[in-house]
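Me: Please take a close look at a single part of this structure with me, choosing one that a first-year student can follow residue by residue. I would like one connected account, with each term explained where the reasoning needs it.

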Amino acid sequence: MKKIMMIAAMIVASMSANAQVADGVFTLKPTVGINLANMTKLDDSKMRAGLVAGVEGEYGLADDFSFSAGVLYSQQGAKYKDSFLGANLDLTCKLDYINIPIMANYYIVKGLAVKVGVQPGFKVSSKISGNATYDDLNSSGSSSIDNAKGFALSVPMGLSYEYNNIVLDARYNLGVTKALDNGDAKHSWFAITLGYKFAL
């Protein structure tokens, strides 16, 4: 009987050591990384690289399941080509948001989590910049985008891996709402971040 009790104790201790998140514990994670952003249904578009940075909080509901929410500054948009009055235009659409990711996180194995959620975003800046080429003449400039929508909803999904409180997070964010008043373009971007998680 003593041997059985010792084996049971070892199994319980092992399960505790492999717990993914502590039930009832709240953690904070400052994070910073890069966005690789584009927009759907935008002809000849290419990715715009931008900054993503902020903080996320996570609350453990079980050893392998948690909810998280955060506030992230996110540079989005796209690069694309256009033409106007015979001039060739190389343009960068810069749409920057404060995003609020609300995520459900399921830990498959120790440190490795699958996550999905919903993410409302609120526009803080909308500009377009670029170069115009006409014959041998070149010029550049920038202006605000008047038809950019102030609210953007997206669905973030991805994976994260944690080791010694360092968290590498990779997410694809699928835009749900239109980015502009005219047209059907929506946001679509990958975000890769590195953060440090600590319990409060």
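Reply: Two rings of Phe, Tyr or Trp, the last taken by its six-membered ring, form an aromatic pair if their centres lie within 6.5 Å, and planes over 60 degrees apart make the pair edge-to-face. The structure shown is a predicted model, and a search through the whole of it finds 4 such aromatic pairs. One of them joins Phe 65 and Phe 67, whose ring centres are 5.3 Å apart and whose planes meet at 80°, so this pair is edge-to-face. Phe 65 has a relative accessible area of 28%, and is therefore partly exposed, while Phe 67, with 42%, is also partly exposed.

Phe 67 leads us on to the surface, and from there to strand S10, the part I have chosen for the close look. Together with Phe 26, Ile 34, Tyr 59, Leu 61, Ile 166, Leu 168, Ile 192, Leu 194, Tyr 196, Phe 198 and Leu 200, Phe 67 makes a nonpolar surface patch of about 1,100 Å². Strands S1 (26–39), S3 (48–62), S10 and S11 (186–196) each supply at least two residues of this patch, and S11 gives the most, with 3 residues. Leu 61, one of the members, lies in strand S3, and its relative accessibility of 39% is why it counts as partly exposed.

How does S10 pair with the strands beside it in sequence, and over how many bridges? Strand S10 covers residues 166–178, and it pairs in the antiparallel sense with strand S9 (residues 151–163) over 10 bridges. Within this pairing, Met 157 stands opposite Tyr 172 in S10, and Gly 158 stands opposite Arg 171 in S10. With S11, S10 again pairs in the antiparallel sense over 10 bridges, and here Leu 174 stands opposite Ser 188 in S11.

The turn that leads into S10 deserves a careful look as well. Most residues other than glycine have a negative phi. The hairpin of S9 and S10 has 2 residues between the strands, and in it Asn 164 takes a positive phi near 55°. Asn 165, found in the loop between S9 and S10, has a positive phi too, near 75°; with 33% relative accessibility, Asn 165 counts as partly exposed.

We can now turn to the charged side chains of S10. Which residues are linked in a network of salt bridges? They are Lys 29, Glu 56, Lys 115, Asp 169 and Arg 171, in a structure that holds 10 salt bridges. A salt bridge here requires a side-chain nitrogen of Lys or Arg within 4 Å of a carboxyl oxygen of Asp or Glu, a cut-off worth keeping in mind for the distances that follow.

The side chains of Lys 29 and Asp 169 meet in a salt bridge with an N to O distance of 4.0 Å. Lys 29 lies in strand S1 and Asp 169 in strand S10, so this pair ties together parts that are 140 residues apart in sequence. Asp 169 also meets Arg 171 in a salt bridge, with 2.9 Å from N to O. Arg 171, the residue that stands opposite Gly 158, forms a further salt bridge with Glu 56, and the closest N and O atoms of that pair are 2.9 Å apart. This second link again joins distant parts of the chain, since Arg 171 is in strand S10 and Glu 56 is in strand S3, 115 residues apart.

Are these charged residues buried or exposed? A residue is called buried when its relative accessible area is under 20%. Lys 29, at 8%, counts as buried, and Asp 169, at 1%, is buried as well. Both Arg 171 and Glu 56 are buried too.

Put together, S10 is a strand that pairs with S9 and with S11, supplies at least two residues to the nonpolar patch, and carries Asp 169, which meets Lys 29 of S1, and Arg 171, which is bridged to Glu 56 of S3.

How values were computed:
Residues are numbered from 1 along each chain as its sequence is written. This is a predicted model: local features need pLDDT of at least 70, side-chain atom pairs count only at pLDDT 80 or more; totals for chains, interfaces and linings use all residues. Side-chain values use heavy atoms; hydrogens and water are left out. Two strands pair if DSSP finds at least two bridges between them. Helices (H or I, at least four residues) and strands (E, at least two) are DSSP runs, numbered from the N terminus. Patches are made of residues with over 30% relative accessible area and no salt bridge: like charges are joined within 9 Å, nonpolar side chains (Val, Leu, Ile, Met, Phe, Trp, Tyr) within 5 Å. Accessible areas come from the Shrake-Rupley method with a 1.4 Å probe; for residues, only the protein chains shown count as cover. Buried means under 20% relative accessible area, exposed over 50%, partly exposed in between (1.4 Å probe, protein chains only). Rings of Phe, Tyr and Trp (its six-membered ring) pair if their centres lie within 6.5 Å; planes under 30 degrees apart count as stacked, over 60 as edge-to-face and the rest as tilted.
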